[in-house]
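Grab a pencil and have the viewer open. Here are some short exercises, each with a solution worked out step by step.

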Amino acid sequence: HSWHDDPEAKFLKLSEVAESFFRKNGRYPTFWLDKVCIDQEHLSDGLRVLPVNVMACSKVLVLCGHTYSQRLWCAWELFVLFS
């Protein structure tokens with residue numbers, strides 16, 4: 001996630017993905033969102049288990065804008081995913 005990218009565009013895309021999943025599966029998908037699932041007051045604790053959370057996912061959806069690839073946090077998540 002990058003705060004500099006368009007939040008409305010990302011929300012619209014996430015909504016499209018959720019609706020498409022619902023049409024195919026009869027239920028909405030479950031999302032793990034790092035910003036809300038990692039305690040922002042204790043980031044180091046969340047970072048320790050980030051690889052576990054990412055590797056537990058069967059699929060990963062990256063809603064990236066123009067600045068996504070310039071953020072170290074975002075690069076770290078992708079590195080963990082592809083490792």
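## Exercise 1: A salt bridge in the first helix

**Task.** Decide whether Glu16 is buried, partly exposed or exposed, then find its salt-bridge partner.

**Solution.** Keep in mind that you're looking at a predicted model.

- Step 1: Glu16 has a relative accessibility of 46%. Partly exposed covers the range between 20% and 50%, so Glu16 counts as partly exposed.
- Step 2: Its side chain meets that of Lys13 in a salt bridge, with 3.1 Å from N to O. The cut-off for such a pair is 4 Å, so this one qualifies.
- Step 3: Lys13 comes out at 41% relative accessibility, so Lys13 is partly exposed too.
- Step 4: Both residues sit in helix H1, 3 residues apart, which is about one turn of the helix.

## Exercise 2: Another bridge, another helix

**Task.** Work out which residue forms a salt bridge with Asp45, and say how exposed each partner is.

**Solution.**

- Step 1: The partner is Arg48, and the closest N and O atoms are 2.6 Å apart.
- Step 2: Asp45 and Arg48 both belong to helix H3, and they are 3 residues apart, about one turn of the helix.
- Step 3: Asp45 has a relative accessible area of 41%, so Asp45 is partly exposed. Arg48 has 59%, and exposed means over 50%, so Arg48 is exposed.
- Step 4: Want to check the total? The structure holds 2 salt bridges.

## Exercise 3: Getting to know H3

**Task.** Compare the span of H3 with the expected one, then look for a kink and for buried residues in this helix.

**Solution.**

- Step 1: H3 runs over residues 43-55, which makes 13 residues.
- Step 2: From first C-alpha to last, H3 reaches 18 Å, close to the 18 Å expected at 1.5 Å a residue.
- Step 3: Now for the kink: there is one of about 50° at Val49, shortly before the proline Pro51.
- Step 4: Buried residues in H3 include Gly46, Leu50 and Val54.

## Exercise 4: Cysteines and a nonpolar patch

**Task.** Count the disulfides, classify Cys57 and Cys64, then list the residues of the nonpolar surface patch.

**Solution.**

- Step 1: A disulfide needs two cysteine sulfur atoms within 2.5 Å, and by this rule the count comes to 0.
- Step 2: Cys57 has 31% relative accessibility, so Cys57 counts as partly exposed. Cys64, at 49%, is partly exposed as well.
- Step 3: The patch is made by Phe31, Leu33, Val36 and Leu61, and its area is about 360 Å².
- Step 4: Zoom in on Leu33. You'll find Leu33 in the loop between H1 and helix H2 (34-37). Its relative accessibility is 41%, so Leu33 is partly exposed.

## Exercise 5: Stepping back

**Task.** Place Leu12 in the fold, then describe the whole protein.

**Solution.**

- Step 1: Leu12 is found in H1, the helix of residues 7-25. With 53% relative accessible area, Leu12 is exposed.
- Step 2: Thr67 is 55 residues from Leu12 along the chain, and their C-alpha atoms are separated by 18 Å.
- Step 3: The protein has 4 helices and 0 strands, so the pattern along the sequence reads α-α-α-α.
- Step 4: Its C-alpha atoms fill a box of roughly 40 × 25 × 25 Å along the principal axes.
- Step 5: Of the 83 residues, 19% count as buried.

Terms used: Residues numbered from 1 in each chain as written. Predicted model: local features only at pLDDT ≥ 70, side-chain atom pairs only at ≥ 80, totals over all residues. Heavy atoms only, no water. Buried < 20%, exposed > 50% of the residue type's maximum accessible area, 1.4 Å probe, protein only. Helix = DSSP H or I, 4+ residues; strand = E, 2+ residues; numbered from the N terminus. Patch = residues over 30% accessible without salt bridge, like charges linked within 9 Å, V, L, I, M, F, W, Y side chains within 5 Å. Areas by Shrake-Rupley, 256 points an atom, 1.4 Å probe, with all protein chains shown as cover. Expected span 1.5 Å × (residues − 1). Bend = angle between axes of the 7 residues up to and from the residue.
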